[in-house]
Amino acid sequence: MNLNLNNVTFIIVSFKSEKVIYDCIDSLPNNSNKIIIDNSKDIHLKKDLEIKYDNIEVILNENLGMGASNNIGIKKSNTQFVYILNPDVTFENDTFSELIE
């Protein structure tokens, strides 16, 4: 197993999370792959995230719940691994280097 940031996609399910999701995404590595499933169908959030961040795909979705929405993100992922997190999670600067070690 060769874990590196090129073969991980971060999946975040969001529902009216515009107050916290930016801090979450900002704490992820800049070059990481990110899929956001927004269950509140917020087109303004989608446009803003896609403009502000690289390597991000925002999917507007019916509110099918956390599990079903995570499964949508997993199916859309093209990487070997996925890392599922909630939009209110933030990481310390050294989290991912320690994880890969």
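A nonpolar patch, as meant here, is made of nonpolar side chains (Val, Leu, Ile, Met, Phe, Trp, Tyr) joined within 5 Å, from residues with over 30% relative accessible area and no salt bridge. Keep in mind that everything below comes from a predicted model.

**View 1. Ile74, Val82 and Ile84 make a nonpolar patch on the surface.** Put the three together and you get about 210 Å² of accessible area. Val82 sits in strand 4, which covers residues 81–85. With 33% relative accessibility, Val82 counts as partly exposed, and that value is over the 30% a patch residue needs.

**View 2. Glu62 and Lys41 pair up in a salt bridge.** This is one of 3 salt bridges in the structure, with the N to O distance at 2.6 Å. The two partners come from distant parts of the chain, 21 residues apart. Glu62 lies in the loop between strand 3 (56–60) and helix 3 (66–76), while Lys41 lies in the loop between strand 2 (33–38) and helix 2 (43–52). Both ends of the pair are partly exposed: Glu62 at 47% relative accessibility and Lys41 at 46%.

**View 3. Glu50 and Lys46 hold a salt bridge within helix 2.** Here the N to O distance is 2.9 Å. Why are these two separated by about one helical turn? Because they are 4 residues apart in helix 2. Side chains of opposite charge can pair when their charged atoms come close. Glu50 is partly exposed, at 34% relative accessibility.

**View 4. Lys76 and Glu57 form a salt bridge between a helix and a strand.** Their closest N and O atoms are 3.3 Å apart. This pair also links distant parts of the chain, with Lys76 in helix 3 and Glu57 in strand 3, 19 residues apart. Lys76 has 40% relative accessibility, so it counts as partly exposed. Glu57 is partly exposed too, with a relative accessible area of 30%.

**View 5. Ser14 is tucked away in strand 1 as a buried residue.** Strand 1 covers residues 8–14, and Ser14 is found in it. Is Ser14 buried or exposed? Buried, because its relative accessibility is 1%, and the cut-off for that label is under 20%. Leaving aside residues up to four places away in sequence, Ser14 touches Ile21, Ile36, Ile37, Asp38, Asn39, Ser40, Leu45 and Pro87.

Technical notes
Residues are numbered from 1 along each chain as its sequence is written. This is a predicted model: local features need pLDDT of at least 70, side-chain atom pairs count only at pLDDT 80 or more; totals for chains, interfaces and linings use all residues. Side-chain values use heavy atoms; hydrogens and water are left out. A salt bridge is a side-chain nitrogen of Lys or Arg within 4 Å of a carboxyl oxygen of Asp or Glu. Buried means under 20% relative accessible area, exposed over 50%, partly exposed in between (1.4 Å probe, protein chains only). Patches are made of residues with over 30% relative accessible area and no salt bridge: like charges are joined within 9 Å, nonpolar side chains (Val, Leu, Ile, Met, Phe, Trp, Tyr) within 5 Å. Accessible areas come from the Shrake-Rupley method with a 1.4 Å probe; for residues, only the protein chains shown count as cover. Contact means heavy atoms within 4.5 Å.
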